[in-house]
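Let's take a walk through this one together, beginning at the ligand and working outward. Have the viewer open as you read.

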Amino acid sequence: MEGLPVVLGSSATGILVSLALSRAGVEHILIGTDDPPAPVPRLGESIIDTSSPELWRLYGHEFADGFHYKNHIAYLNGNFSALCHLASPLRTQKRISKFAHPDGRKTRYPWFGEALFHLDRIKFDRAAYLKARAQKECHFVVARVTRVEFDAATDRVTRLELDKGAAIERPRYVFDSTGFASPISKAANVKMSPLSVPQRVVWTHYRRDDLEANPPEWWRGGTNLMRLDREFDGIDAMSWLIPLGATLSVGLSVDQSSERSNDSDEDLMERLASAWRRRGVDYVSVFPQQQPIQQLRHSYFVRDRAYGGNWLLVGPTFITIWFPGSTGLWTVCAAAGMAHRLIENPELGKFYEKSMRQLTHFHRLLDHVAHGPIWKSSWQVYHFFGKGGSLIWSRIADYFRIRDDDYGWFRPSSWLLNSLELVGRKFPPFMVMFFVFALVRNRLDVHRERQGLPFPLYNRSIPFRLWNAIRWLPDFLWGLLPRRRRAATLTSG
Ligand SMILES: Cc1cc2nc3c(=O)[nH]c(=O)nc-3n(C[C@H](O)[C@H](O)[C@H](O)COP(=O)(O)OP(=O)(O)OC[C@H]3O[C@@H](n4cnc5c(N)ncnc54)[C@H](O)[C@@H]3O)c2cc1C
């Protein structure tokens, strides 16, 4: 098997690269574990404007039961409940199936969120693992890499030693999909820069087997993010609530330096349930069956380089940014989409590296939400959504290039999308041009227990957006004054 491309790691990252190589007819070696990914609650269930259409296009037809509608992104921060409406909750199967042909062919981009989903990683990772192993182009080797020989002069990996005494000589190309461990980074002496302070994450799933299909609660329709604050919750942390049909994924991330970070898993999950309950979202009463709690200590980081003479650091092996960005699987899909071209032309790694490094802008924005002051004015809400929204353009531009296999200089659509991103990032109010005011419903809930209250017209996306367009200015002005001043006024009134 000398001279073949090699994929290291058989979790989702390596599996998606292996499947992409098989699709392109490229014979390769996949090094991993003999067991499929364990059926425990996994991270990476919310997917975005690039990873979601791509995964749906390629796997939606075959693994449809792993995909669940994602209609919104909501942020609860301070007294604000801001809901960005992305897609119609009532979109039909017929409409979404247009974006997932049995042959995975290219389709038009689903601009109206038709192909926005949450991904059931327990189902998807297992199905994808079994599929990858079954491909004739994939030589699966059950092993771990223990040593890498590297030629610094040519910047190439020359030999991979495996734990069972075997070795792979002169691999043609190596896709390192091992995440933080990254034996290739170590061999190539690639440095890692932390992007923010170390985190402890605890998370689990809650289930209810007999749940009705059409949820009455708005928070069961999309990705919900919440900033916990010390004054109100006794802890500073970021949390998520991601519905996957009869399952609800719930988690919290806290600075490892915080005095609460060494609390037990159970205490942190209980504190989290109570924080959501105090905001009117009592998920335990809807999903009573708690699954085993998982935990992780980690840091967000980016490495100095993503590629070399015959290697690539795939997705989270190169960069991992704040989870509310939900970008993990995008970094993987981008590498998988480029995989067969990188083998022929390793210099294309430059495009990959540049594209992924752009995510640090998003990370900084999210880090400010996690560590900065809680939102006290509607200005902060719209500033966040305006700036976050502008970052979508360049992501989509890069996605189109990868999907179309076009890395040439003449690409007017990329120029346009990248220019929109630049202007929106420097001057977020510019995003008004793109109807952010109609997409975002920004509610100032003076009493936080009202934050879980319904958003009228949620299920009717066009009337909902029209109503937002009418309401946004009064809501914006009402929330503009810093919250504390108005609270004092309200109390004295
Ligand atoms: C809190 C949090 C929330 C997240 N939320 C999202 C989200 O909503 N959306 C999203 O897209 N992403 C999200 N992510 C990122 C997401 O979890 C990952 O991008 C995604 O799960 C892919 O990781 P993985 O399972 O492939 O990697 P890992 O679990 O890191 O897999 C690495 C693999 O490499 C193998 N390995 C290690 N060393 C060796 C070796 N020497 N030889 C061979 N194999 C080896 C391991 O056994 C393992 O199988 C989140 C991340 C965090 C931390």
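A good place to start is Leu43: one of its polar backbone atoms sits 3.5 Å from an oxygen atom of the ligand. Keep in mind as you look that this is a predicted model, so every distance here is computed from predicted coordinates. How much of the ligand does the protein bury? On its own the ligand would expose 1,000 Å², and the protein buries 80% of that.

Now swing over to the nitrogen side of things. Val145 uses a polar backbone atom, 3.0 Å from a nitrogen atom of the ligand. Arg144 brings its side chain instead, with a polar atom there lying 3.2 Å from a nitrogen atom of the ligand.

Zoom out a bit and you'll find 22 residues surrounding the ligand. Val145 turns up again among the closest, together with Ser11, Thr13, Ser46 and Leu329. What kinds of residues make up this shell? It's a mix: 10 are polar, 9 are nonpolar and 3 are charged.

Where do they come from? Helix 1 (12–23), strand 18 (294–298) and helix 9 (328–344) each chip in at least two shell residues. On the domain level, the shell takes at least three residues from domain 1 (1–45 + 120–196 + 301–376) and at least three from domain 2 (199–298).

Let's leave the ligand and look at charge pairs. The model has 40 salt bridges by the distance rule used here. One you can pick out joins the side chains of Arg121 and Asp125, with 2.8 Å from N to O. Both partners belong to helix 4 (residues 121–134), and they're 4 residues apart, about one turn of the helix.

Last stop, the surface. Trp379, Leu473, Leu477 and Leu480 together make a nonpolar patch of about 370 Å². To find your way there, look for helix 15 (residues 461–478), where Leu477 lies.

Definitions and conventions
Residues numbered from 1 in each chain as written. Predicted model: local features only at pLDDT ≥ 70, side-chain atom pairs only at ≥ 80, totals over all residues. Heavy atoms only, no water. Near = heavy atom within 4 Å. Polar contact = N/O pair within 3.5 Å; in protein donor to acceptor, adjacent residues only side chain to side chain. Areas by Shrake-Rupley, 256 points an atom, 1.4 Å probe, with all protein chains shown as cover. Nonpolar A, V, L, I, M, F, W, Y, C, P; charged D, E, K, R; others polar. Domains from an automatic or database assignment. Patch = residues over 30% accessible without salt bridge, like charges linked within 9 Å, V, L, I, M, F, W, Y side chains within 5 Å. Salt bridge = Lys/Arg side-chain N within 4 Å of Asp/Glu carboxyl O.
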